[in-house]
Amino acid sequence: MLVKSPLEFDEAAIRSFSEKYIMSLESEFLSSYNRIKNAPRRNLEQQTMNRIFSERDLLAIYPNPMVLDVGSSRICAVGSLSPEEGHTVTLRSCDVLAGAYAMLNSMFGLKPYVETEFAFVERLTDKFPENSFDIVRMSNALDHCYDPFTGIFEMLKVAKIGGTVRLIHHENESVYELEYGMHQWNITSGGENSMVIWRKGFTADIRDILGEAAEIRTQKQQRNDGTYVIKSDIVKLQDIQTPPKKGMNIFDETMIMFCLMKTSARFSAAYKKAGNADPFRKSLFRKVIAYAPMSLRKYVPSWLEKCVRNLSRRIGY
């Protein structure tokens, strides 16, 4: 079944979003850095330890699941320890800031129980084979996406037939956060078989887009502070196809490498103290292009080069 995102972006929209996205990644990284810097050592070490698998209710359906945690942050919180005998959980995790998080962990001598790998949710199939996982989980990250619909499609593609994509998000986070930083989208429920994604001037229900390709079950759960969490299980019923990816865009590694170089450069002195060579000797743009895969270099457009150079000057490179 062919599915297509209801969002359409022209070059101007991508150009505008790219700067905002890069600056938002900066705030995400700095927030993690400050939390680690100010946390007691014992707490940090406890965070890196394996823990009981968080989605234990799904073990009744998938006794020995292959699990992917998307947008897992610095240390994956899902865990791979079985709550009872007879289950084996195989876990992988990914995040767009995986490289920066690895640097932070190295700086503070922390070794997480599972390595966070680099991947954009909108391009998961660049990293992981289709039909690979019984459970694909994302918590409080879909609202960060440039295109959350493509993100859901990609999660479904790497899930097996009959597999579950579990999405757990604070309701209407973009409204609550006043669209600050990476909080671009609102997620809510239109009923138990509905998951609504919206922002000003746009609303769509993923149920209407996926049709017979998936079954959706949504719960709206109230938290102690009076806010709500939207928990949606999207069960894959059939394989889906999406339009082909087109050349260079916001989701390619060139952009994320720029983000990582920019944020990491803030802490290059601390990085060197941790025993690593200084990776910031070349000019920023040449370094970005050097990190990009050969197949992508020919797609780097002039507007992106100009964007990178302008941002470089703005942050003092």
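These legends accompany a set of close-up views of a predicted model.

**View 1. The β4-α4-β5 unit is right-handed.**
Strand β4 spans residues 133-139, helix α4 covers 148-158, and β5 takes in residues 159-170. Together, β4, α4 and β5 make up a β-α-β unit of the right-handed kind. The two strands of this unit, β4 and β5, run parallel and are joined by 6 bridges. Have a look at Arg137 while you are here: opposite it, in β5, stands Arg166.

**View 2. Helix α4 is mostly covered.**
Of the 11 residues in α4, 10 are buried. Among them are the hydrophobic residues Phe149, Ile152, Phe153, Met155, Leu156 and Val158, but Glu154 and Lys157 are buried as well. Pro148 and Gly151 complete the buried set. At the N-terminal end, the helix is capped by Asp147, with a side-chain oxygen 3.1 Å from the backbone nitrogen of Phe149. A general point is handy when you follow the helix: with 3.6 residues a turn, residues three or four places apart point the same way.

**View 3. Thr125 meets Glu154 of α4 through a polar contact between side chains.**
Thr125 sits in the loop between β3 and β4. Its side chain and that of Glu154 form a polar contact of 2.7 Å. Glu154 belongs to the buried residues of α4, whereas Thr125 counts as partly exposed because its relative accessibility is 21%. Lys157 is another residue to find in this view: its C-alpha atom is 7.3 Å from that of Thr125, although 32 residues separate the two along the chain.

**View 4. β5 also pairs with β10, this time in the antiparallel sense.**
Strand β10 is formed by residues 228-236. Between β5 and β10 there are 7 bridges, and the pairing is antiparallel. To find your place in the ladder, start from His170, whose bridge partner in β10 is Val229. β5 is also joined to β4, where the strands run parallel. As a general guide for reading such a view, side chains in a regular strand alternate between the two faces of the sheet.

**View 5. Strands β6, β7 and β8 form an open sheet.**
The 3 strands follow the order β6-β7-β8, and their pairing is antiparallel. At the edges are β6 (186-188) and β8 (202-205), each of which pairs on one side only. From one strand to the next, the twist averages 20°. β7 consists of residues 196-199 and is joined to β6 by 3 bridges. One pair to pick out is Thr188 with its bridge partner Val196 in β7.

**View 6. His87 is a buried loop residue with polar contacts.**
The loop that holds His87 links β1 (66-70) to β2 (90-95). Is His87 buried or exposed? It counts as buried because its relative accessibility is 18%, and the cut-off for buried is under 20%. A polar atom of the His87 side chain lies 2.8 Å from the backbone oxygen of Pro63. The side chain of His87 also makes a polar contact with that of Glu84, at 3.4 Å. Leaving out residues up to four places away in sequence, His87 touches Leu59, Pro63, Asn64 and Ser82.

**View 7. Two asparagines, Asn131 and Asn140, have positive phi values.**
Most residues other than glycine have a negative phi, so these two deserve a moment of your time. Asn131, in the loop between β3 (116-118) and β4, has a phi near 55°. Asn140 lies in the loop between β4 and α4, and its phi is about 50°. Asn131 counts as partly exposed because its relative accessibility is 31%. Asn140 is likewise partly exposed, at 29%.

**View 8. Cys76 is buried and has no disulfide partner.**
Why does Cys76 form no disulfide? The closest cysteine sulfur, in Cys94, is 9.5 Å from the sulfur of Cys76, which is too far for a bond. In the whole structure, the search finds 0 disulfides. Cys76 has a relative accessible area of 0% and is therefore buried. Cys145 is also buried, with a relative accessible area of 6%.

Conventions
Residues are numbered from 1 along each chain as its sequence is written. This is a predicted model: local features need pLDDT of at least 70, side-chain atom pairs count only at pLDDT 80 or more; totals for chains, interfaces and linings use all residues. Side-chain values use heavy atoms; hydrogens and water are left out. Helices (H or I, at least four residues) and strands (E, at least two) are DSSP runs, numbered from the N terminus. Buried means under 20% relative accessible area, exposed over 50%, partly exposed in between (1.4 Å probe, protein chains only). Two strands pair if DSSP finds at least two bridges between them. Axes are lines fitted to C-alpha atoms, for helices over the stretch in contact, and angles run from 0 to 180 degrees between N-to-C directions. A polar contact is a pair of N or O atoms within 3.5 Å; within protein, one must be able to donate a hydrogen and the other to accept it, and residues adjacent in sequence count only if both atoms are side-chain atoms. Contact means heavy atoms within 4.5 Å. A disulfide is a pair of cysteine sulfur atoms within 2.5 Å. A crossover is right-handed if, with the strands pointing away from the viewer, the path from the first strand over the helix to the second runs clockwise.
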